[in-house]
Amino acid sequence: MQKRIALLVFTILTFTLFASAQASPPASASCDLGGGKTIKTDYSSPRLKGRKMVGGQDPYGKVWRNGANEATNFVTSADVVVGGTKVPAGSYTLFVLPTAEKWTLIINKKTTKAGKPLWGIPYTYESDELARIDMKMSKPSSPVENFTIAYDKTSSGCTLREEWDTTRASVDISAK
């Protein structure tokens with residue numbers, strides 16, 4: 001009986017560890033623009049786990065959900081300017097259109113479907129787009145295993161930075 005219990009506990013622990021290692025855990029990034037103006041982004045952070053980032057399973061030229069699971073949320077408490085485009089205060093979802101040469105950030109007004117959080121794919125929300133904004137491309141100093149969204153503070157606001165594998169895409173954001 002004790003062997004069965006020990007085996008059951010071992011099986012449960014192994015399954016739990018395996019499942020958590022495979023998941024795309026929730027993550028969050030935020031930027032304080034000053035004067036009570038903030039930006040917050042909630043997303044799920046997939047892992048490469050030996051896969052090719054984009055161009056393999058997720059082909060170039062196809063809208064990507066900018067993370068995993070539910071669509072990535074972008075909430076700004078004030079009007080902002082994202083890469084030269086005015087974005088009113090509110091809640092949005094973020095998608096990206098990657099190509100081999102550049103990433104295009106898509107800010108979408110649709111945040112729910114049938115009262116539930118918007119799922120990332122398939123992308124059928126073109127009519128709800130607020131903007132498509134070209135991102136600046138560069139490479140991180142070393143490959144990034146976990147998809148990461150972060151904000152870097154700048155003198156005029158912040159820079160939204162997305163990194164995964166050997167790709168860094170960024171766009172400047174300032175308060176309007």
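Student: Which residue stands opposite Ala175 in strand 14?

Tutor: Val80 does. Keep in mind as we go that this is a predicted model.

Student: What makes strand 4 and strand 14 a pair?

Tutor: Two strands pair if DSSP finds at least two bridges between them. Strand 4, residues 80-82, is joined to strand 14 over three bridges, so the two count as paired, and the sense is antiparallel.

Student: How do you know that strand 11 pairs with strand 14?

Tutor: By the same kind of reasoning. Strand 11 covers residues 136-138, and three bridges tie it to strand 14 in the antiparallel sense. At least two bridges are needed, so this is a pair. Within it, Met137 stands opposite Ala169 of strand 14.

Student: What makes strand 13 and strand 14 partners?

Tutor: Eight bridges join them, and the requirement is at least two, so they pair. Strand 14 spans residues 167-175, and the two strands run antiparallel. One residue links strand 13 to strand 14 in a hairpin. Arg161 has Ser170 of strand 14 as its bridge partner.

Student: How many bridges join strand 12 to strand 13?

Tutor: Eight, with strand 12 at residues 144-154 and the two strands running antiparallel. These two also form a hairpin, with two residues between them. One facing couple here is Val144 and Asp165, the latter in strand 13.

Student: Why is strand 13 called mostly covered?

Tutor: Eight of its nine residues are buried. Buried means under 20% relative accessible area.

Student: Is Asp165 buried or partly exposed?

Tutor: Asp165 has a relative accessibility of 21%. The cut-off for buried is under 20% and exposed begins over 50%, so Asp165 is partly exposed. Asp165 belongs to strand 13, residues 157-165.

Student: What is the phi of Asp165 near?

Tutor: Near 60°, a positive value in a residue other than glycine. Most residues other than glycine have a negative phi. Asn69 is another residue to look at, with phi near 60° as well. Asn69 lies in the loop between strand 2 (37-44) and strand 3 (72-76).

Student: Why is Asn69 called partly exposed?

Tutor: Its relative accessible area is 30%. That value is not under 20% and not over 50%, so Asn69 falls in between.

Student: How do you know that Asp152 and Arg161 form a salt bridge?

Tutor: Their closest N and O atoms are 2.8 Å apart. The limit is within 4 Å, so the contact qualifies. Arg161 is buried because its relative accessible area of 18% is under 20%. Asp152, at 30%, is partly exposed.

Student: What makes Glu163 and Arg168 a salt bridge?

Tutor: The closest N and O atoms of this pair are 2.4 Å apart, and within 4 Å is what the term asks for. Glu163 has a relative accessible area of 8%, so Glu163 is buried. Arg168 has 24%, which puts it among the partly exposed residues.

Student: Which residues are linked in a network of salt bridges?

Tutor: Asp152, Arg161, Glu163 and Arg168.

Student: Why does the contact of Lys40 and Asp42 count as a salt bridge?

Tutor: The N to O distance is 3.8 Å. The limit is within 4 Å, so this side-chain pair qualifies. Both partners are partly exposed: Lys40 has a relative accessible area of 42%, and Asp42 has 30%.

Student: How many salt bridges does the structure hold?

Tutor: Seven.

Student: Why is Val96 called buried?

Tutor: Val96 has a relative accessible area of 0%. Buried means under 20%, so Val96 meets the condition. You will find Val96 in strand 6, residues 90-98.

Student: Which residues does Val96 touch, not counting residues up to four places away in sequence?

Tutor: Among them are Lys62, Val63, Trp64 and Asn66, along with Trp103, Thr104, Leu105 and Met135. To count as a contact, heavy atoms must be within 4.5 Å.

Student: What separates the C-alpha atoms of Val96 and Gly67?

Tutor: A distance of 9.5 Å, for two residues 29 apart along the chain.

Conventions. Residues are numbered from 1 along each chain as its sequence is written. This is a predicted model: local features need pLDDT of at least 70, side-chain atom pairs count only at pLDDT 80 or more; totals for chains, interfaces and linings use all residues. Side-chain values use heavy atoms; hydrogens and water are left out. Helices (H or I, at least four residues) and strands (E, at least two) are DSSP runs, numbered from the N terminus. Buried means under 20% relative accessible area, exposed over 50%, partly exposed in between (1.4 Å probe, protein chains only).
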